[in-house]
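Visitor: Could you walk me through this structure? I'd like to ask a few things along the way.

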Amino acid sequence: KVVVCGGGDGTVTSLLNMMAKARAENENLKSSPTMCVLRLGTGNALAYLTGAQKNFAKDLQSLVDHLSDEKEKVPEIPTSTISLSAEGLPADTAENTHCFFAGLGYDARMLQDYMWLRDKTKENRFLTKMFHNPLGYLVALALRTLPATMRGEHVFHVKVTNLADEAFAMDSRRGDWAIQYEKDQVIYEGETG
């Protein structure tokens with residue numbers, strides 16, 4: 001079984017989490033189907049990583065050709081599971097989320113600022129052509145995201161806990177030494193931003 005997903009990183013991650021939820025709720029579902037990505041979103045880092053091109057029709061034909069050859073193996077890209085919980089809520093309300101990468105929200109902040117810019121320029125045909133593209137991200141970054149960060153509006157309290165059997169992280173004091181962390185051990189806790 002193959003699922004072809006047309007969208008960006010958020011769409012792919014949402015689909016991945018919906019499939020994980022379906023597996024958790026139905027014991028007959030042992031694994032998720034193979035998922036292929038078409039480059040149709042705003043953020044296409046995952047599609048780029050998998051080799052998707054801008055011509056989605058050509059990619060779709062390539063997928064059909066590739067998958068019809070039973071000798072060809074579909075490459076696997078591992079995902080990580082992070083546990084999200086809001087401060088002040090009981091620990092048992094944490095939500096396990098599959099992700100390909102995680103950040104501290106700068107990308108989300110910039111996307112929010114980009115959407116603000118799009119909304120402010122949507123009535124002007126010239127500005128729409130000028131900013132409703134990758135240049136708009138840079139303008140949003142310069143006009144809103146960076147100034148807000150410089151004012152200290154973008155600080156998070158972060159707690160990173162190892163959920164795997166073991167994990168390794170670089171020793172920040174030396175930079176050439178890995179520290180081993182056991183399951184449920186806190187890797188980092190503090191302010192960041």
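Guide: Here come some questions about a helix and a glycine.

Guide: One heads-up: this is a predicted model, where local features need pLDDT of at least 70, side-chain atom pairs count only at pLDDT 80 or more, and totals for chains, interfaces and linings use all residues. Residues are numbered from 1 along each chain as its sequence is written, and side-chain values use heavy atoms, with hydrogens and water left out.

Visitor: How far apart are the end C-alpha atoms of helix α6?
Guide: Helices here are DSSP runs (H or I, at least four residues), numbered from the N terminus. The expected span is 1.5 Å times one less than the number of residues. For the 17 residues of α6 (134–150) that gives 24 Å, so the model agrees with its end-to-end distance of 23 Å.

Visitor: Where is the kink in α6 centred?
Guide: The bend at a residue is the angle between axes fitted to the seven residues ending there and the seven starting there. In α6 the kink comes to about 45 degrees, and its centre is L141.

Visitor: Is G6 buried, partly exposed or exposed?
Guide: G6 sits in strand β1 (residues 2–7; a strand is a DSSP run of E, at least two). Buried means under 20% relative accessible area and exposed over 50%, with partly exposed in between (1.4 Å probe, protein chains only). G6 has 42% relative accessibility, so it counts as partly exposed.

Visitor: What separation do the C-alpha atoms of G6 and L40 have?
Guide: Setting aside neighbours within four places in sequence, G6 is in contact (heavy atoms within 4.5 Å) with T11, L38 and L40. G6 and L40 are 34 residues apart along the chain, and their C-alpha atoms are separated by 5.5 Å.
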